[in-house]
Amino acid sequence: MDLAGAVLATGMLLALIFGANRIAESGPDPVALGAVAASGVLLFLLVRVERRVADPLVRPALLRSRPLVAGCLAFAAHSAAYAVVVVVGSLYLQEVHGLSPAGAGLVLAPVLLGALVSAAPAGALIRRFGARRVVAVALALCAVTLALVAVSAGGPLILVTTILVAWGLSAGPIYVGLTRVCVGDAPPGDQGTASAVFESTTHVAGAISVAVFLTLLAAGVGYGVVQFVGAVAGGLGVLALLLVMPAGEPGTAPKPEPQRVDAR
């Protein structure tokens, strides 16, 4: 068991997420900046340790996998857009439209339900057109609908809600497609590790993006601008897929070569 790697990885993520949340709550004070700096030091030590141990937490071949890297980058971008919809959107509905926290939650509920509904036909679409194309189109739709939310900020509640529901309907194929590329297509011995890397991506990206968005709001930036930043983040996910992920449906890591058995 790579105990040193596990401790360093956990400490690095803990320091990074704590620092990001601290910045969102109190601004870039010494404690927050110290935590972020500590996460960088722990990451450096983690890389040093993982290069020397015989059984690292993540095989280097897995980290060199272009589909896995592209999928995680795309999922990180979508997590930022999701934070704009759920976190910033909840604040927007309360402050601009005067809804209660419960009322804002009820308005956002169809958005999340839309993601569940659109996930149902995602498998058939991916089998026909490929995960790369389907997820890229879905991410582009997420970016466009979130940009429309930014443009209509302050407009009628029914209009904003309708656009948010459209955003939710375009989100389902993203979860299905990226899970298949990053986890389902990984070699059997690496699926658990790939799943952990994939899942960690959304938590880290979500924490950092929330810190950035709340810091912008605290600085007086309007909701429309912050929502547009989230739309740009979703667009970056499209670029990650098209530029990093190779065309076709390769696995997330090199498949182990079959062992040759010498005839005796």
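The points below take the chain from its overall make-up down to a single residue, Ser-65.

1. The model under review is a predicted one, and its secondary structure comes to eleven helices and zero strands. Read from the N terminus on, the order of elements is accordingly α-α-α-α-α-α-α-α-α-α-α.

2. On overall dimensions, the chain has a radius of gyration of 20 Å, which agrees with the value near 18 Å that a compact globule of 264 residues would have. Taken along the principal axes, the box filled by the C-alpha atoms is roughly 80 × 50 × 30 Å.

3. As to packing, buried residues make up 44% of the 264 residues in the chain. Among contacts with a separation of 6 or more, 81% are accounted for by residues 24 or more positions apart.

4. Turning to the surface and the charges, the chain exposes about 13,500 Å², and carbon and sulfur atoms supply 70% of that area. The chain carries 15 positive and 12 negative charges, and the mean positions of these two sets lie 10 Å apart.

5. One local site may be worth a look in the viewer: Ser-65 sits in the loop between helix H3, which spans 60–63, and helix H4, which spans 66–95. Is Ser-65 buried or exposed? Its relative accessible area is 5%, and because the cut-off for a buried residue is under 20%, Ser-65 counts as buried. The side chain of Ser-65 also reaches the backbone nitrogen of Leu-68, at a distance of 3.4 Å.

Note on methods: Residues are numbered from 1 along each chain as its sequence is written. Side-chain values use heavy atoms; hydrogens and water are left out. Helices (H or I, at least four residues) and strands (E, at least two) are DSSP runs, numbered from the N terminus. The radius of gyration is taken over C-alpha atoms; the globule rule is 2.2 Å times the number of residues to the power 0.38. Buried means under 20% relative accessible area, exposed over 50%, partly exposed in between (1.4 Å probe, protein chains only). Contact means heavy atoms within 4.5 Å. Accessible areas come from the Shrake-Rupley method with a 1.4 Å probe; for residues, only the protein chains shown count as cover. Lys and Arg count as positive and Asp and Glu as negative; His and the chain ends are not counted. The place of a charge is taken as NZ of Lys, CZ of Arg, CG of Asp or CD of Glu. A polar contact is a pair of N or O atoms within 3.5 Å; within protein, one must be able to donate a hydrogen and the other to accept it, and residues adjacent in sequence count only if both atoms are side-chain atoms.
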